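Biologist: Please take a close look at the region around the cysteines, and then work outward from there. Keep the steps short and show the reasoning where there is any.

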Amino acid sequence: MSENEEQAMQKAFVHLHNHTDFSLLDGAAPIKRYMEKAKSLGMTSLAITDHGNMFGSLRFYYAAKDAGINPIIGCEFYCNPTGHTERPA
């Protein structure tokens with residue numbers, strides 16, 4: 001694979017599973033660092049999928065727009081149809 005082909009693949013790749021430092025269970029990366037890395041790789045889109053909340057969504061959206069990156073907003077929510085105190089065996 002040539003270097004140009006590899007760069008084209010990096011630009012076409014969209015990472016859809018990212019947890020920022022707003023994620024309650026496993027986030028560590030600040031939004032600013034995500035944007036810097038995505039921009040350095042030439043990525044045109046990036047998603048946020050923090051656990052259990054959307055506190056960072058607005059900050060992520062504006063940071064992505066400022067960096068020229070298309071923001072994709074998501075979240076990982078957990079649901080239990082029988083109730084929050086019920087634990088499956």
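Modeller: A disulfide is a pair of cysteine sulfur atoms within 2.5 Å. With that cut-off, a search of the whole structure, which is a predicted model, returns 0 disulfides. Take C75 to begin with. Its nearest cysteine sulfur belongs to C79 and is 10 Å away. The cut-off is 2.5 Å, so C75 and C79 do not count as a disulfide pair. From the other side, the nearest cysteine sulfur to C79 is that of C75, again at 10 Å, and C79 is in no disulfide.

How much of each cysteine is open to the probe? C75 has 22% relative accessibility. Buried means under 20% and exposed means over 50%, so C75 is classed as partly exposed. C79 has a relative accessible area of 72%. That is over 50%, so C79 is exposed.

Now the surroundings of C75. I48 is in contact with C75. Beyond four places in sequence, I48 also touches I72, I73 and G74. On other parts of the chain, I48 meets N18, T20, G56, S57 and F60. I48 belongs to the largest nonpolar core, and F60 is a member too. That core has 12 residues in all. Besides I48 and F60, the members are A29, I31, Y34, M35, A38, M43, L46, A64, A67 and I69. Three elements each supply two or more of them: helix α2 (31-40), strand β1 (45-51) and helix α3 (57-67). The top contributor is α2, with 4 residues.

Next, I73, another contact of I48. I73 sits in strand β2, residues 70-76. Its relative accessible area is 38%, which falls between 20% and 50%, so I73 is partly exposed. I73 also helps to make a nonpolar surface patch of about 630 Å². Its partners there are M54, L58, Y61, Y62 and F77. Helix α3 gives the most to the patch, with 3 residues. So α3 turns up twice, because it also gives two or more residues to the core.

Strand β2 is preceded by a loop that starts from α3, and G68 is found there. G68 is exposed, at 59% relative accessibility. Its C-alpha is 8.7 Å from that of S45, although 23 residues separate the two along the chain.

Last, the loop between α1 and α2. Three residues there are worth a look.

F13 lies in this loop, with α1 spanning 3-12. F13 is partly exposed, at 45% relative accessibility. F13 and I72 are 59 residues apart in sequence, and their C-alpha atoms are 13 Å apart.

H15 is in the loop between α1 and α2 as well. At 30% relative accessibility, H15 is partly exposed. Leaving out residues up to four places away, H15 touches M43, L46 and A47. M43 and L46 are both members of the core. The C-alpha of H15 is 22 Å from that of S2, 13 residues away along the chain.

G27 also belongs to that loop. G27 is partly exposed, with 27% relative accessibility. Beyond four places in sequence, G27 is in contact with H19, T20 and D21. T20 is also a contact of I48. The C-alpha atoms of G27 and A64 are 18 Å apart, with their positions 37 residues apart in sequence.

Technical notes
Residues numbered from 1 in each chain as written. Predicted model: local features only at pLDDT ≥ 70, side-chain atom pairs only at ≥ 80, totals over all residues. Heavy atoms only, no water. Core = buried A, V, L, I, M, F, W, Y, C linked by side-chain atoms within 4.5 Å. Buried < 20%, exposed > 50% of the residue type's maximum accessible area, 1.4 Å probe, protein only. Contact = heavy atoms within 4.5 Å. Patch = residues over 30% accessible without salt bridge, like charges linked within 9 Å, V, L, I, M, F, W, Y side chains within 5 Å. Areas by Shrake-Rupley, 256 points an atom, 1.4 Å probe, with all protein chains shown as cover. Salt bridge = Lys/Arg side-chain N within 4 Å of Asp/Glu carboxyl O.
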